[in-house]
Amino acid sequence: MRKVILYIAASIDGYIARPDGGIDWLSMVEKEGEDYGYGAFLASVDTTLMGRKTYDDVLGFGGPFPYQKLSNYVFSRQERGPDDNPVQHITEDPAAFVKKLKAGPGGDIWLIGGGQLNTVLLNAGLIDVLILSVIPIVLGAGIPLFGGQPKEAKWRLAGHQAFDTGLVQMKYERG
Ligand SMILES: NC(=O)c1ccc[n+]([C@@H]2O[C@H](COP(=O)([O-])OP(=O)(O)OC[C@H]3O[C@@H](n4cnc5c(N)ncnc54)[C@H](OP(=O)(O)O)[C@@H]3O)[C@@H](O)[C@H]2O)c1
């Protein structure tokens, strides 16, 4: 069965973006020659999942769409017209869709976020692995890692790594 991996960065207080969606604070851990395992992770997946707001933010960064070679699914409650990028817009219930996707052929699946989509898939028990990079900052307010009403879920620590920039990366598997 394909695995869904939530690979994401959050502040110490559990936010993935400022209240206005800003992710400028991620740059505080940028370091020449250090990608925190991102390149290897990206090479290990063949599919991405995004909430519509996260997709719009990715488009807002400018430049070419970064996941051209992957199968990309964007979840929204609204129909959306044709897209210049290699993404499929899905209006079906995300949990039902991802359940089918996991049971089909293919490699591991990167759940990019954001917080709303994370909760839908968490509550449906569809996230297998959580790779969380904690950035050493308290934002005080923002968009939570799990928005809405996440259900309690226990996780097992499967690995961890601390970096001299202060970033700590934890790998959790569903307990
Ligand atoms: N720190 C990081 O590593 C990281 C990673 C990813 C994202 N982010 C940030 O997170 C923010 C976005 O997170 P977010 O929680 O606000 O939004 P999100 O999860 O990216 O997207 C929310 C949208 O997804 C759709 N959606 C949500 N639940 C749905 C459901 N049950 N069925 C169908 N569609 C559903 C809706 O789209 P419609 O409104 O179109 O119906 C909803 O508005 C952005 O600022 C992004 O930059 C940060």
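These legends walk you through several close-up views of one predicted model. Residues are numbered from 1 along each chain as its sequence is written, and side-chain values use heavy atoms, with hydrogens and water left out. Because this is a predicted model, local features need pLDDT of at least 70 and side-chain atom pairs count only at pLDDT 80 or more, while totals for chains, interfaces and linings use all residues.

**View 1. Strand S3 and its two partners.**
Let us start with strand S3, residues 45–51. Helices (H or I, at least four residues) and strands (E, at least two) are DSSP runs, numbered from the N terminus. Six of the seven residues of S3 are buried, so this strand is largely enclosed by the rest of the structure. Here, buried means under 20% relative accessible area, exposed means over 50%, and partly exposed lies in between (1.4 Å probe, protein chains only). S3 pairs with S4 in the parallel sense over five bridges, and five bridges also join S3 to strand S6 (residues 108–113), again running parallel. Two strands pair if DSSP finds at least two bridges between them. Find Thr47 in this view: its bridge partner in S6 is Ile109, and in S4 it stands opposite Ser71.

**View 2. Strand S4 and the path that leads to it.**
Strand S4 covers residues 71–75, and four of these five residues are buried, so S4 too is largely enclosed by the rest of the structure. The chain arrives here from S3 through helix H2 (residues 52–60), and this β-α-β crossover is right-handed. That term applies if, with the strands pointing away from the viewer, the path from the first strand over the helix to the second runs clockwise. Asn72 of S4 is the bridge partner of Thr48. S4 also pairs with strand S5 (residues 87–90), in the parallel sense over four bridges, and there Phe75 has Ile90 as its bridge partner. In a regular strand the side chains alternate between the two faces of the sheet.

**View 3. The ligand and its surroundings.**
Which residues are closest to the ligand? They are Arg52, Thr54, Asp57, Ser76 and Arg77, out of 23 residues that surround the ligand (a residue is near a molecule or strand if one of its heavy atoms lies within 4 Å of it). Some polar backbone atoms are worth finding too. One belongs to Ala9 and is 2.9 Å from a nitrogen atom of the ligand. Another belongs to Phe75 and is 3.5 Å from an oxygen atom of the ligand. A backbone N or O atom of Leu117 lies 3.1 Å from a ligand oxygen atom. Taken alone the ligand exposes 940 Å², and the protein buries 88% of that. Accessible areas come from the Shrake-Rupley method with a 1.4 Å probe; for residues, only the protein chains shown count as cover.

**View 4. Asn85 in its loop.**
Look for Asn85 in the loop between S4 and S5. Is Asn85 buried or exposed? At 19% relative accessibility, Asn85 counts as buried. A polar contact of 3.2 Å joins its side chain to that of Tyr55. A polar contact is a pair of N or O atoms within 3.5 Å; within protein, one must be able to donate a hydrogen and the other to accept it, and residues adjacent in sequence count only if both atoms are side-chain atoms. Leaving aside neighbours within four places in sequence, Asn85 is in contact (heavy atoms within 4.5 Å) with Tyr55, Leu59 and Phe65.

**View 5. Helix H4 and Pro150.**
Helix H4 spans residues 115–123, and its buried residues are Gly115, Leu117, Asn118, Thr119, Leu121 and Leu122. In the loop between S6 and H4 you can spot Gly114, and the peptide bond from Gly113 to Gly114 is cis, with omega near 0°. After H4 comes Gly125, whose phi is positive, near 70°. Pro150 sits in the loop between strands S8 (143–144) and S9 (155–162), and at 37% relative accessibility it counts as partly exposed. Not counting residues up to four places away in sequence, Pro150 touches Thr119, Leu122 and Asn123.
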